Amino acid sequence: MKKKFLPFFIRKVPLGRQKNVLVKLNTPTHYLLTLSLLHINKIHVTFAFRTVMKTTSSQLKILAIDIGGSHVKATVLDKNGNMLSDYIKIDTPLPANPDNILKAIKELVKGLSYDRISVGFPGYVRNNIVGTAPNLDNDAWREFKFGNKLEEEFGKPARVVNDADMQGLGIASGKGLEMVVTLGTGFGTALVLDGVLLPHLEVAHHPVTKTKDYDAYMGDKELEKIGKKRWNLRMKRVFQILKTVFNYDHLYIGGGNSRLLTIKLDDNMTLVSNKDGIKGGARLWADETKPKSSIK
């Protein structure tokens, strides 16, 4: 803890007394004011120094939440993405509107301790504001200021991004052009170039046939309708399209339905788990956890 001296002031008080006062503010920083007395030239002088006690980057605990069409998942991470609590989940409520999702999150994270909140959301998100939520209650989420609402409800700084984008940050190695896809209720995608998250593209809603977009072509509903064998054949076609269009260096495949893949994957294609992806919640706060340079 750093000590910063405050301007002293003269006051006639009994010599030798010392008083510690902890002042709590509605910020991450608390101040401990220590009042000491000195006897200088027969004048009683009171001075104070301030000890700043705040959450350092090494102590930062981040609540990472992954909202999906089937489940809402959460864990607490340190600044490096290591899990500090169990990976827990709860069924996504129906209807999946903002009020019900917030209630589910409160129930899920009850008793957890954290300083920041990161949320991966299944839809288009910009500046913590939801644009679309096709696999939730879409109309209820349109233009919903989710980041602000989380801060109001939980009293902690919050950041919200697309769920595949958060997975991309958690999984990517930081070398070259890396693509992350999630196979679940719908089809999620993220692109990371040399460790930097690129602007989100809603590839899921791009047509892949004359009548279907990617979500409709190989999402949960279509999988149930056509079965695993035909679904795998479609996935083989989808992967070939992605390879041609994006020319990625590495493709990571996550989401609940990735375990159903039976087709042979290329050497630069890797299956990953949701637990790997949720670690991206820590990287959303990388600007706060990077050490400050001492060079001025």
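## Questions on a predicted chain

Modeller: In this predicted model, residues 24 or more positions apart account for 55% of the contacts in the chain with a separation of 6 or more.

Biologist: How many helices and strands does the secondary structure of the chain come to?

Modeller: The chain has 296 residues, of which 44% count as buried. Its secondary structure, counted over the whole chain, comes to nine helices and 17 strands.

Biologist: Are helices α1 and α3 roughly parallel or oblique to each other?

Modeller: Helix α1 covers residues 98-108 and helix α3 covers residues 146-154, and their axes come within 12 Å of each other. The two axes cross at roughly 45°, and the crossing is right-handed. An angle under 35 degrees would count as roughly parallel, whereas roughly perpendicular begins at 65. The angle of α1 and α3 falls under neither heading, and the two helices are therefore oblique.

Biologist: How do the residues of the contact of α1 with α3 divide into nonpolar, polar and charged?

Modeller: On the α1 side the contact is made by Ile 101, Leu 102, Ile 105 and Lys 106, which meet Phe 146, Lys 149, Leu 150, Glu 153 and Phe 154 in α3. Taken together, these residues divide into six nonpolar, no polar and three charged.

Biologist: Is Glu 222 buried or exposed?

Modeller: Glu 222 lies in helix α6, which runs over residues 220-246. Leaving aside neighbours within four places in sequence, Glu 222 is in contact with Lys 212, Ala 216, Tyr 217, Gly 227 and Arg 234. The relative accessible area of Glu 222 is 8%, and because the cut-off for this class is under 20%, Glu 222 counts as buried.

Biologist: Is Lys 264 buried or exposed?

Modeller: Lys 264 is found in the loop between β16 (250-254) and β17 (269-271), and the C-alpha atoms of Lys 264 and Lys 236 are 8.7 Å apart, although the two residues are 28 apart in sequence. The relative accessible area of Lys 264 is 75%. Since a value over 50% is what the class requires, Lys 264 is exposed.

Biologist: Which residues does Ser 113 touch, not counting residues up to four places away in sequence?

Modeller: Ser 113 is found in the loop between α1 and β9 (116-121), and at 44% relative accessibility it counts as partly exposed. Ser 113 and Lys 61 are 52 residues apart in sequence, yet their C-alpha atoms are 7.6 Å apart in space. Not counting residues up to four places away in sequence, Ser 113 touches Lys 61 and Val 76.

Technical notes: Residues are numbered from 1 along each chain as its sequence is written. This is a predicted model: local features need pLDDT of at least 70, side-chain atom pairs count only at pLDDT 80 or more; totals for chains, interfaces and linings use all residues. Side-chain values use heavy atoms; hydrogens and water are left out. Helices (H or I, at least four residues) and strands (E, at least two) are DSSP runs, numbered from the N terminus. Buried means under 20% relative accessible area, exposed over 50%, partly exposed in between (1.4 Å probe, protein chains only). Contact means heavy atoms within 4.5 Å. Axes are lines fitted to C-alpha atoms, for helices over the stretch in contact, and angles run from 0 to 180 degrees between N-to-C directions. Angles under 35 degrees count as roughly parallel, over 145 as roughly antiparallel, 65 to 115 as roughly perpendicular and the rest as oblique. A crossing is left-handed if the near helix is turned anticlockwise from the far one by less than a right angle, and right-handed if clockwise. Ala, Val, Leu, Ile, Met, Phe, Trp, Tyr, Cys and Pro count as nonpolar, Asp, Glu, Lys and Arg as charged, and the others, Gly among them, as polar.
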